[in-house]
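Trainee: I would like to learn how to read a strand within its sheet, and afterwards how to read a charged patch on the surface. Could you take me through both, giving the general idea and then the case at hand?

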Amino acid sequence: MINSIKNANILFFDLDGTLFDKFGKNKISKKNINALNLLVKEGKKVVISTGRSYEKSINYIKDINFEFGSFQNGAVIAKKNGEILKESYIDEKVAKIIFNIIHNKKLEYFINGNNLVYNKKFRFISNVLVSFTNYKSTKEKISKFTKIKKIVIWNFFNKSFIKKLNKKLNKIKNISSVTSSGGKTIEITSSYSTKGLAIKYICQNIYKLKNYNAVHFGDSMNDSTTKEYATLIAMKNSSIELKKIAHFEGKKNKHAGIYKMLKKAK
């Protein structure tokens, strides 16, 4: 693992469960931020790679000297200033199939990383989100299936249900469906927009790197697609599924785990 980090010329970092090592407004410790900025100073490329939207990420990563980021599991690739370089959408017909499943099972979901919770009933989780955050809830069904970059479904109380549903969704063509948040949520994007394909696009089309040695740090199955394009390092707090397929297992994210791994690679 240490040699992979040493030899990397471009490094990708997930946020939740990876770079995020604190609670509250400042989710990233100064040690982690300084460690990434030191990489940039040494001439390495640093890229943020998250399932979050740009809008839900930028306030936490503004002190990191990165140029480009992959957001919503690769559905959006953007500059640090928010300029969008590439967007990918779920096919309209495919989206309709997915929403038929969602509505029939009366599931709660988000679209495109916005603050609107779609739900059939005003359930407990939605109640908590709406009460303590800036999220809003609606009982209306989505009826337009255009420009959908990402769908998030959750069930925080029945992981086996999420696992079975994810298997069913993976039978649908032209989508990428992966679990996250400890197997409690499903994140759906176009099969043409994954964190793995984002690595390929950023390295080849943006940085124009003919030969690149990429490393990706992550903790959930939305990071699994990176294995084909980078050395995948699963945080110690990662899901069991990701640890099984990762090239290496790293430190826990808490208490500046990223900083500790990068320091050891000096």
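Trainee: How many of the five residues of strand β2 are buried?

Mentor: The model is a predicted one, and the reading starts from a cut-off, since a residue is called buried when its relative accessible area is under 20%. In strand β2, which covers residues 45-49, four of the five residues are buried, and the strand is therefore described as mostly covered.

Trainee: Which strands pair with β2, and in what sense?

Mentor: Pairing is read from bridges, and two strands count as paired if there are at least two bridges between them. Strand β1 (residues 10-13) pairs with β2 in the parallel sense over four bridges, and within that pairing I10 stands opposite K45 of β2. Strand β3 (residues 68-71) also runs parallel to β2, the two being joined by three bridges, and here I48 has G69 in β3 as its bridge partner.

Trainee: Which strand is joined to β1 by four bridges in addition to β2?

Mentor: That is strand β12 (residues 214-218), which runs parallel to β1, with F217 in β12 serving as the bridge partner of F13.

Trainee: What is the order of the strands in the open sheet, and which strands stand at its edges?

Mentor: The open sheet has eight strands with mixed pairing, and their order is β5-β4-β3-β2-β1-β12-β13-β14. The edges are taken by β5 (84-87) and β14 (248-249), and because each has a single partner strand, one side of each is left without a neighbour in the sheet.

Trainee: Turning to the surface, which residues form the positive patch?

Mentor: For a patch of this kind, the general idea is to look for residues with over 30% relative accessible area and no salt bridge, with like charges joined within 9 Å. Here the positive patch is formed by K105, K163, K167, K168, K171 and K244, and its largest share, three residues, comes from helix α7 (residues 159-169).

Trainee: Is K168 exposed or partly exposed, and how does K244 read?

Mentor: K168, which is found in helix α7, counts as partly exposed because its relative accessibility is 42%. K244 lies in helix α9 (residues 240-245) and is exposed, since its relative accessible area is 68%.

Trainee: What separation is found between the C-alpha atoms of K244 and A234?

Mentor: These two residues are ten residues apart along the chain, and their C-alpha atoms are separated by 9.1 Å.

How values were computed: Residues are numbered from 1 along each chain as its sequence is written. This is a predicted model: local features need pLDDT of at least 70, side-chain atom pairs count only at pLDDT 80 or more; totals for chains, interfaces and linings use all residues. Side-chain values use heavy atoms; hydrogens and water are left out. Patches are made of residues with over 30% relative accessible area and no salt bridge: like charges are joined within 9 Å, nonpolar side chains (Val, Leu, Ile, Met, Phe, Trp, Tyr) within 5 Å. Accessible areas come from the Shrake-Rupley method with a 1.4 Å probe; for residues, only the protein chains shown count as cover. A salt bridge is a side-chain nitrogen of Lys or Arg within 4 Å of a carboxyl oxygen of Asp or Glu. Lys and Arg count as positive and Asp and Glu as negative; His and the chain ends are not counted. The place of a charge is taken as NZ of Lys, CZ of Arg, CG of Asp or CD of Glu. Buried means under 20% relative accessible area, exposed over 50%, partly exposed in between (1.4 Å probe, protein chains only).
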